[in-house]
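Biologist: I'd like a close look at one part of this model, the place where two of the chains meet. Could you walk me through it slowly, as if I were new to this?

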4 protein chains.
Amino acid sequence: MAAGGLRLADMLARIAETGRSLIGAEEPQSLIERARVILGGEGEVSGTARARGFLDAYRALDHEARLDFLRQASTGLGADPAALKAAIERYEASGEDIDARALHLAAEPRSQELIRRLNRAPGAMPDLLAMREDLLRHLREDPALAALDEDFRHLFSSWFNRGFLELRRIDWNTPAAILEKIIRYEAVHEIRDWSDLRRRVAAPDRQLYAFFHPALPGEPLIFVEVALTADIPAAIEPILAAGRETLDPAKARTAVFYSISNCQNGLRGVSFGNFLIKQVVEELSAEFPSVETFVTLSPVPGLRGWSVREGIEEPSGDALGPLAARYLVEAKRPGGAPVDAVARFHLGNGARLERINLDADRSERGQSQGWGVMVNYLYDLRDIEKNHEAFAESGVVAHSAAVRRLVKQAAQAGQAGGVRA
Amino acid sequence: MAAGGLRLADMLARIAETGRSLIGAEEPQSLIERARVILGGEGEVSGTARARGFLDAYRALDHEARLDFLRQASTGLGADPAALKAAIERYEASGEDIDARALHLAAEPRSQELIRRLNRAPGAMPDLLAMREDLLRHLREDPALAALDEDFRHLFSSWFNRGFLELRRIDWNTPAAILEKIIRYEAVHEIRDWSDLRRRVAAPDRQLYAFFHPALPGEPLIFVEVALTADIPAAIEPILAAGRETLDPAKARTAVFYSISNCQNGLRGVSFGNFLIKQVVEELSAEFPSVETFVTLSPVPGLRGWSVREGIEEPSGDALGPLAARYLVEAKRPGGAPVDAVARFHLGNGARLERINLDADRSERGQSQGWGVMVNYLYDLRDIEKNHEAFAESGVVAHSAAVRRLVKQAAQAGQAGGVRA
Amino acid sequence: MAAGGLRLADMLARIAETGRSLIGAEEPQSLIERARVILGGEGEVSGTARARGFLDAYRALDHEARLDFLRQASTGLGADPAALKAAIERYEASGEDIDARALHLAAEPRSQELIRRLNRAPGAMPDLLAMREDLLRHLREDPALAALDEDFRHLFSSWFNRGFLELRRIDWNTPAAILEKIIRYEAVHEIRDWSDLRRRVAAPDRQLYAFFHPALPGEPLIFVEVALTADIPAAIEPILAAGRETLDPAKARTAVFYSISNCQNGLRGVSFGNFLIKQVVEELSAEFPSVETFVTLSPVPGLRGWSVREGIEEPSGDALGPLAARYLVEAKRPGGAPVDAVARFHLGNGARLERINLDADRSERGQSQGWGVMVNYLYDLRDIEKNHEAFAESGVVAHSAAVRRLVKQAAQAGQAGGVRA
Amino acid sequence: MAAGGLRLADMLARIAETGRSLIGAEEPQSLIERARVILGGEGEVSGTARARGFLDAYRALDHEARLDFLRQASTGLGADPAALKAAIERYEASGEDIDARALHLAAEPRSQELIRRLNRAPGAMPDLLAMREDLLRHLREDPALAALDEDFRHLFSSWFNRGFLELRRIDWNTPAAILEKIIRYEAVHEIRDWSDLRRRVAAPDRQLYAFFHPALPGEPLIFVEVALTADIPAAIEPILAAGRETLDPAKARTAVFYSISNCQNGLRGVSFGNFLIKQVVEELSAEFPSVETFVTLSPVPGLRGWSVREGIEEPSGDALGPLAARYLVEAKRPGGAPVDAVARFHLGNGARLERINLDADRSERGQSQGWGVMVNYLYDLRDIEKNHEAFAESGVVAHSAAVRRLVKQAAQAGQAGGVRA
């Protein structure tokens, strides 16, 4: 030891800097081959370095080469057919639970284990999310990618389990690097600049909450913007206005969720929104005991598209409310769920369609999507469970008496009911 | 809204305090029934509260009732046989990867999904670990529990993936609540009191590193104790001695891993040790550039038991070194792995058996396990990969020339070689 | 610049490591000479390094040499007599405020400015405190040191101004390095070991608060230990007992300050206790709304000494209560303040002498100081101001009716009233 | 106690909310009277609340009323003349140091003690700074305020002692609330918006360091902006340009201090700049070992005004360099210090006037102050001490050979040397 003494630090540095020479020398050229090496090893000794090298190599590829790899991984890293066949036979012979479990393992695609092993590299998660984003961009045109996408979705659902998420309040003491991302990720009502942001996070009657995950420090997963108000709001402009008067939050009686944005495309299909709303309701209830009503101010993104498909190009002002009510309550997709994506989300959470507001969003997008209509969904904890179950089991859309009257008007006006999109 | 106003905070409080009355009213009595309800729901609305209620109810049960539930969950929450049968048929008809994936999902035991859903409750992880500890206590006598144990092990492996672990240095500025756990969890060389602990974490030539996981704040998963020394140590007592002289760490040439302890019984089978050693080597290399040698001072826990089984009740002093060398290099389990558990771990990591030290551990345990023999395993990064592969593929035990001489002595002394335990 | 380029980092390192050679070469030998150099410079360029060097040199001196310097600084760094004379003359001529201010400055001893300049060195404060500790150790026997001590006291009073102190709760999540100091500094009821400490900071009905100062990170200045109880306690043992039952703090009606310890000898004469108690009362009030009574359980350290001086060597049990009452209410120092130091402190804060408890402290110290008597001082915010003023102006000792009865008993029993110590 | 139980929390709340009624009832109307009450009390019991009340009352006053109080405090809270007279007599009789110290205390204006006691209120420091800002605004027109200003300056110098300052790197992870202040306080090269700020703190070759004080959390005291460059820069525009190319900081050889801004008007006369530059040099040296040169890029704010006073309305391009050189090296104020404020600062720190850059600042301010001339001051640690002393003692302006040549040119061109402003 004394003489030829090991300089581990130097070794590590050399490995890192010169392209991981020890490993690299024997490293195969193609990513899919490297994936097989990672799957073949015990993953214990050089696994971390190999995974890091793999992710770096992937990132260095051009668009086409990445897609090639994703396709190969999706179609070429399935379960081992021979082992699967044997497991099936054992299960069919015994019918035992224990053999069903063995079958479960034998049927697991190796691509799933690949993703797990890649995640052992330090800081792997952003790379894995980016990889899935690549994949999602081509999923529609290239169905062969669906299998790998399913692996990602499955693992992300497990890793981003509710129990691992951390709720944080975002305010004016939040690092600029995170605030900058809030500006970028806001998907409903654009944040125009830092002054606009400041109004949404620094005013005493405005709040912004986000979920974070320990493997993605500094990266919000989803966030919700909240306005504390006296009453249920009927339009978005007074909430976002620059010169508006501030309300003493101790006097607020209503909390309005006026914007919810998912931040990570790579996590598509892993849903946090429901948990976020519930936890923010708890936070607000604890901090502002005077707040009694929890409600959204939501867009109706599919209204105009659906109406046009229904043959209604430009409804009269009087007809717009009934039309929107009918759309939200009765327009269903083949499986029975509402056509409107925002409605699906809140009704699925157990909220009630409370009020339809005309002339509520004068922005270009608001006009083009839904002629300026916005909607309040009400979260009333006493009914949430009941609403959710009726919705999940029978597609029942919980709605207020006022909305019911509008639906009736629509029917009387001769608009067809129960339309399927 | 105005009049019959919703007091959500009150509702939440009532739910929490009165035993979750809304849910509780319809809550079935037995845990296994509650588990089925949790599995049946979409898990979105009341899922978190139900999961929390379930975990609390489990904890409130007595020993027998818990075991009953664990048995039922292990045997009664397998995959749905009809769905599994259909999936098998589809796969057998097509042989397609996509159908193998569907089969994988269909074969997944529902108990796995149950554990995932329970983990959505806030602070669920300690409960889940405790549940698995209950399970492990009875695993040997009750093989029916093995299936559920496998679910836990599988999910914990995914959730405690290397990418989610955080390395922290433990020192005298660490909160007492964590230090107290280090005292409790130390499994190799007992920490007698806070003064003993202080010597191991506060001296400039002593370090202690631990892995933590975000879902278990304040709970170390595994830790390693390190001594910075001039040379490779030949005994444990000088390292632990109260009155020893401190070495200026800038002059240390050797880092000695003299104790590694797993802290969470509930994570049995999820291995962190290898990652921990590698990352601590990196930390130490960066902080103490003069350190050139990374080595353990390890017990030989199985030596005496094996020797007695071999018919050697009390070896002479001269015979002890060769005996230990033969035991470590040649005594193998049926599958080819070394009999000695500590040897399996370090050799499996790619370390080399460097030196055998007689009269190295005078403690009662050291005497009773291995007549006071301790061993240095050397982590030489240049050979780690090669050693690991030779070990994994052919069971080759990397060892120094000095150890080789001892093995030869043993052979010449007529001790039988190549023994199987 | 390019060629003979300046390597500032090297320069800095050289300076630091080789004993600050640039400065050192011309550095005078004696500390008092170095002090004069520091006072002579503008203090801007090399001042910080010189101050650091001075403090290191002081620390390296032996006991006698330090004392020599302190004496020289105390007697030799007064104001400049000529400048002072001129300032006096100007003031006497004009009688103007502005000239009084100039006189104030001219009369300032240069030793004060020396301490200010030493405090510019990074991490100077612990050195300055240690310097004053040296000084205090010899103050009684060496009155020449009083002048310098007065400079320290004056500057420390300004620097440790209430506005700069930070209150922190000490609990089981506090770093061990700080907890260790709590053990060491506890001056009233000794903390025997870490288990004893744990009982005082980790139980839900026990609290410990300390003041910290930003220039002394990790060093408590003063701390108070609090027990949350049902009623006003009559003895210390039930509060400290190892096996005692814990009280749900939400049900506590009384907060008991049972120990207050100053930690920094070097800050003698700079008083924090009053501020600490007031702020802890605020903290507790906010966190435990059920607590209505704030009271101490205090020793009577001077009772026995005073009694013996009064000729009472061993009072009967019946006589002890009246004796203690008379001592606390009537025994005064020449200036009119109570003889008892603890009484002076709490009564000076505006507290009321509420109850005298016999057989309240069975420890050796408790017996030897006051035959086991302990006292409750009550902090009743409604009377605090009034009590304080009556005490400060006329020496009135606020006390309860029960104590008044005891004083009367003493008088009737023929004990002399209004004793002066 | 039991019945009429004290609800301290309520009491505290009542006091805080209803205008501190207990105290307020007897509170005198005028601020100067309240000041006398604060000075009269022991300051121990109600002092903190009184101080807080005083500061709130001051803030609620209008402009004129504040000024009235400041005048009264400046002229009416001097030392007690009788006590001062007695102290003078004692000192004149004895000539002893101890009596000089007593004289020092007797001559201390009570306004100083007032400020100390106000600082005991929680969060008092921002109020005290604002009070001094009020004072400074009127100092020139109202010399009676000078006395109080001197008290503030003296105490702030002590409280903002170098030993209490904390250096922090400001970057893109800094809270927005602090970054917003950086934008506001930048006094040299305006930060136009958040994108401009981002370029100055988030680029790898840009750094920003600030001093903070524990009594002013979230408030920078002074900050310096640093550019890491290859060579000494000759103009400001390339440093601030939006589209500039980033330099790998590991390759930088020069650190340029291109902007230094004081943030707190209330701290005028308490100087931090010298300490800041020295400590930032240390930080940069440690982090970027390749940086060998530390230099400023500074404006010459007084050049044009001085030139015009000298009769030079519009120098030719050729004459501008010599003119600037003569101005910086030879134009002195009556006391011998350079006319130029920026020059006074850096030369006083021991820097050398290294280079004069023409056409270096095309901004309006740069043109109007100094025809676009900017200057590099070089911080060469080997000469800093020597330069500083020569400057402090004899007003010598250290300058490079290149600057010397310019001065000579100016002389030869017939410009008058040694001008006094």
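Modeller: Let's start with a term we'll need: a polar contact is a pair of N or O atoms within 3.5 Å, and within protein one of them must be able to donate a hydrogen while the other can accept it; residues adjacent in sequence count only if both atoms are side-chain atoms. Keep in mind that this is a predicted model. Now look at chain C and chain D. By that rule, 19 residue pairs are in polar contact across their interface, with both residues of each pair at pLDDT 80 or more. On the chain C side, helix 10, which runs over residues 146–159, gives the largest share of what touches chain D, namely 8 residues. Sort the chain C side by class and you get 36 nonpolar, 25 polar and 20 charged residues.

Charged side chains also pair up here: there are 4 salt bridges between chain C and chain D. One of them joins C:Arg101 to D:Asp151, with 2.4 Å from N to O.

How big is the whole thing? The size of an interface is often given as the accessible area lost when the parts come together. For chain C and chain D, the buried area is about 6,700 Å², and carbon and sulfur atoms give 61% of that. As for residues, chain C brings 81 to the contact and chain D brings 81 too.

Next, how do the two chains sit relative to each other? Two copies of a chain are related by a rotation about an axis and a shift along it. Here, turning chain C by 179° with 0.0 Å of shift along the axis lays it on chain D, with an RMSD of 0.2 Å. That's the relation of a two-fold axis. If you want to find the axis from chain C, go to C:His104: its C-alpha is the nearest one in that chain, 2.4 Å away. The same surface is used by both copies, as 99% of the contact residues of chain C recur in chain D.

It's worth a glance at chain A and chain B as well. There, 82 residues of chain A are in contact with 82 residues of chain B, and about 6,700 Å² is buried, 61% of it from carbon and sulfur atoms. The rule finds 4 salt bridges across that interface, including one between A:Glu385 and B:Arg50 at 2.9 Å, N to O. Polar contacts there come to 20 residue pairs, both residues at pLDDT 80 or more. In chain A, helix 10 (residues 146–159) supplies the largest share of the side touching chain B, 8 residues.

Definitions and conventions: Residues numbered from 1 in each chain as written. Chains lettered and ligands numbered in written order. Predicted model: local features only at pLDDT ≥ 70, side-chain atom pairs only at ≥ 80, totals over all residues. Heavy atoms only, no water. Contact = heavy atoms within 4.5 Å. Buried area = accessible area lost by both parts, 1.4 Å probe. Helix = DSSP H or I, 4+ residues; strand = E, 2+ residues; numbered from the N terminus. Nonpolar A, V, L, I, M, F, W, Y, C, P; charged D, E, K, R; others polar. Least-squares fit on C-alpha atoms with pLDDT ≥ 70 in both.
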